[in-house]
Amino acid sequence: MSEKLAKILEEIKGLTVLELNDLVKACEEEFGVSAAAGVMVAGPAAAAVEEKTEFDVELTAAGSEKIKAIKVVRELTGLGLKEAKDAVEGAPTILKAGATKEEADKMKADLEAVGATVTLK
């Protein structure tokens with residue numbers, strides 16, 4: 001394999017699933033081809049087509065309203081006061097692993113409403 005191809009392959013390995021999906025679409029448009037058969041065979045590229053169904057809700061930062069964030073964390077997770085406080089103060093921390101899209105979106109919206117920063121993984 002040439003050095004040029006090796007560099008391109010390394011760049012592709014570093015892409016996220018969404019970026020891979022965008023790359024496939026851009027190649028299809030640029031070259032007027034369909035990667036449908038290749039996507040089914042290509043392993044990592046096939047994952048670009050699948051929609052994610054489970055999310056980890058990570059509290060990235062509590063924000064300026066830490067007490068409000070603790071209250072919301074308690075409501076959403078059922079944690080006690082000390083555990084919720086530790087989770088908020090120990091951010092970044094995973095509040096819920098394997099949440100559905102709807103559940104993760106609700107948790108994110110509720111926490112962001114009190115100024116917290118949330119990441120869905």
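User: What makes the crossing of α5 and α7 right-handed?

Analyst: In this predicted model, the crossing of α5 and α7 is right-handed because the near helix is turned clockwise from the far one by less than a right angle, whereas an anticlockwise turn would be called left-handed. Both elements are helices, that is, DSSP runs of H or I with at least four residues, numbered from the N terminus.

User: Why is α5 called roughly antiparallel to α7?

Analyst: Helix α5 (residues 66-77) and helix α7 (residues 101-113) pack at about 160°, with their axes 9 Å apart. That makes the pair roughly antiparallel, since this label is given over 145 degrees, the angle running from 0 to 180 degrees between N-to-C directions of lines fitted to C-alpha atoms over the stretch in contact. Ala-69, Val-72, Val-73, Leu-76 and Thr-77 of α5 meet Lys-106, Met-107, Asp-110 and Leu-111 of α7, contact meaning heavy atoms within 4.5 Å.

User: Why are α5 and α6 called oblique to each other?

Analyst: Helix α6 (residues 81-89) packs on α5 at an angle of about 120°, with the axes 9 Å apart. The pair is therefore oblique, because angles under 35 degrees count as roughly parallel and 65 to 115 as roughly perpendicular, and the rest, short of the antiparallel range, as oblique. The contact is made by Lys-66, Ala-69, Ile-70, Val-73 and Arg-74 of α5 and by Leu-81, Ala-84, Lys-85, Val-88 and Glu-89 of α6, and the crossing of these two helices is also right-handed.

User: Why does Thr-60 count as partly exposed?

Analyst: Thr-60, found in strand β1 (residues 55-61), has a relative accessibility of 30% and therefore counts as partly exposed, since buried means under 20% and exposed over 50%.

User: How do you know that the side chains of Thr-60 and Thr-119 are joined by a polar contact?

Analyst: The contact between the two side chains is 2.8 Å, and the limit for a pair of N or O atoms, one able to donate a hydrogen and the other to accept it, is 3.5 Å. The two residues are 59 apart in sequence, with 6.4 Å from C-alpha to C-alpha. Beyond its neighbours within four places in sequence, Thr-60 is also in contact with Ala-91 and Pro-92, among others, and the peptide bond from Ala-91 to Pro-92 is cis, with omega near 10°.

User: Which helix has the lowest mean pLDDT, and which the highest?

Analyst: Helix α3 (residues 36-41) has the lowest, 51, and helix α5 the highest, 92, on the predictor's confidence scale from 0 to 100. Local features need pLDDT of at least 70 and side-chain atom pairs 80 or more, while totals for chains, interfaces and linings use all residues. Residues are numbered from 1 along each chain as its sequence is written, and side-chain values use heavy atoms, without hydrogens and water.

Conventions:
Buried < 20%, exposed > 50% of the residue type's maximum accessible area, 1.4 Å probe, protein only.
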